[in-house]
Amino acid sequence: MSARRPHNQSYADVAAKPAQGSSDVAPAVPADVIYKLLGFTAAMIAGPIGMYFLTVNTIFSGSSTLAGITAAVTANVVLFAYIYVAWTEDQEDRQAASKSDSKKAQ
């Protein structure tokens, strides 16, 4: 309850007043993260479906079971690739933060 409204003012009056201080208008998620997510989403959709239809008649001679297994493996490869990219990005962020912390300590 630390953000109480002053006496004799309605909630609409308080909301109509501009916020004091500067406003942070930076996006919550950087654009490169969104692009990576969209790329992996497209790969997760197109990769397994494409591999199924590519292999069902050309490699496995109509065996939909083997083509389905190939599609499942492809989906797992895309998932592991996404996890690896996120993990390496997180490591880079941690290294950058530790470097800035060590510079502040000096």
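User: Why is Arg-94 called exposed?

Analyst: In this predicted model, Arg-94 has a relative accessible area of 58%. The label "exposed" requires a value over 50%, so Arg-94 qualifies.

User: What makes Asp-90 and Arg-94 a salt bridge?

Analyst: The closest N and O atoms of Asp-90 and Arg-94 are 3.3 Å apart. A salt bridge calls for a side-chain nitrogen of Lys or Arg within 4 Å of a carboxyl oxygen of Asp or Glu, and the value of 3.3 Å therefore meets the rule. Both residues belong to helix α3, and because they are 4 residues apart, about one helical turn separates them.

User: Why does Asp-90 count as partly exposed?

Analyst: The relative accessibility of Asp-90 is 34%. Buried means under 20% and exposed means over 50%, with partly exposed in between. Asp-90 is therefore partly exposed, whereas its partner Arg-94 is exposed.

User: How many salt bridges does the count come to?

Analyst: The rule gives 2 salt bridges. One of them is Asp-90 with Arg-94; Lys-36 also forms a salt bridge, with Glu-89, where the closest N and O atoms are 2.3 Å apart. As the limit is 4 Å, this pair therefore satisfies the rule too.

User: What makes the pair of Lys-36 and Glu-89 a tie between parts apart in sequence?

Analyst: Lys-36 lies in helix α2 and Glu-89 in helix α3, so the salt bridge ties together parts that are 53 residues apart in sequence. Lys-36 has a relative accessible area of 31% and Glu-89 one of 22%. Each value falls between 20% and 50%, so each residue is called partly exposed.

User: Why is Thr-55 called buried?

Analyst: Thr-55, which is found in helix α2, has a relative accessible area of 2%. The value must be under 20% for a residue to be buried, so Thr-55 is buried. The buried residues of α2 are Gly-47, Pro-48, Thr-55 and Val-56. Setting aside neighbours within four places in sequence, Thr-55 is in contact with Phe-60, Ala-67 and Thr-70.

User: How do you know that Thr-70 is buried?

Analyst: Thr-70 sits in helix α3, and its relative accessible area is 18%. This value is under 20%, and Thr-70 is therefore counted as buried. Not counting residues up to four places away in sequence, Thr-70 touches Met-51, Thr-55 and Phe-60. In the protein chain as a whole, buried residues make up 9% of the 106 residues.

User: What makes the phi of Ser-61 worth noting?

Analyst: Ser-61 has a positive phi of about 50° although it is not a glycine. Most residues other than glycine have a negative phi. Ser-61 is placed in the loop between α2 and α3. With 67% relative accessibility, which is over 50%, Ser-61 therefore counts as exposed.

User: Which residues form the nonpolar patch on the surface?

Analyst: The patch consists of Leu-37, Met-44, Leu-79, Phe-80, Tyr-82 and Ile-83, which together have about 540 Å² of accessible area. Helices α2 (31–58) and α3 (64–105) are the elements that give two or more residues to this patch, and α3 gives the most, with 4 residues.

User: Why does Leu-79 count as partly exposed?

Analyst: Leu-79, in helix α3, has 36% relative accessibility. That value lies between 20% and 50%, so the label is partly exposed. Members of a patch need over 30% relative accessible area, and the 36% of Leu-79 therefore passes that limit too.

User: How do you know that the reach of α2 is close to the expected one?

Analyst: Helix α2 has 28 residues, and its first and last C-alpha atoms are 39 Å apart. At 1.5 Å a residue, 40 Å is expected, and the reach is close to this.

User: Where does UniProt place the feature "transmembrane region"?

Analyst: The unreviewed UniProt entry places this feature at residues 33–54 and 66–87. In the model, residues 33–54 are 100% helix and 0% strand, with end C-alpha atoms 30 Å apart. Residues 66–87 are likewise 100% helix and 0% strand, with end C-alpha atoms 31 Å apart.

User: How many helices and strands does the protein chain have?

Analyst: The protein chain has 3 helices and 0 strands, and the order from the N terminus is α-α-α. It exposes about 8800 Å², with carbon and sulfur atoms supplying 63% of that area.

Methods
Residues are numbered from 1 along each chain as its sequence is written. This is a predicted model: local features need pLDDT of at least 70, side-chain atom pairs count only at pLDDT 80 or more; totals for chains, interfaces and linings use all residues. Side-chain values use heavy atoms; hydrogens and water are left out. Patches are made of residues with over 30% relative accessible area and no salt bridge: like charges are joined within 9 Å, nonpolar side chains (Val, Leu, Ile, Met, Phe, Trp, Tyr) within 5 Å. Accessible areas come from the Shrake-Rupley method with a 1.4 Å probe; for residues, only the protein chains shown count as cover. Buried means under 20% relative accessible area, exposed over 50%, partly exposed in between (1.4 Å probe, protein chains only). The expected span of a helix is 1.5 Å times one less than its number of residues. UniProt positions are given in the numbering used here, feature names are shortened, and annotations may be inferred rather than shown by experiment. Contact means heavy atoms within 4.5 Å.
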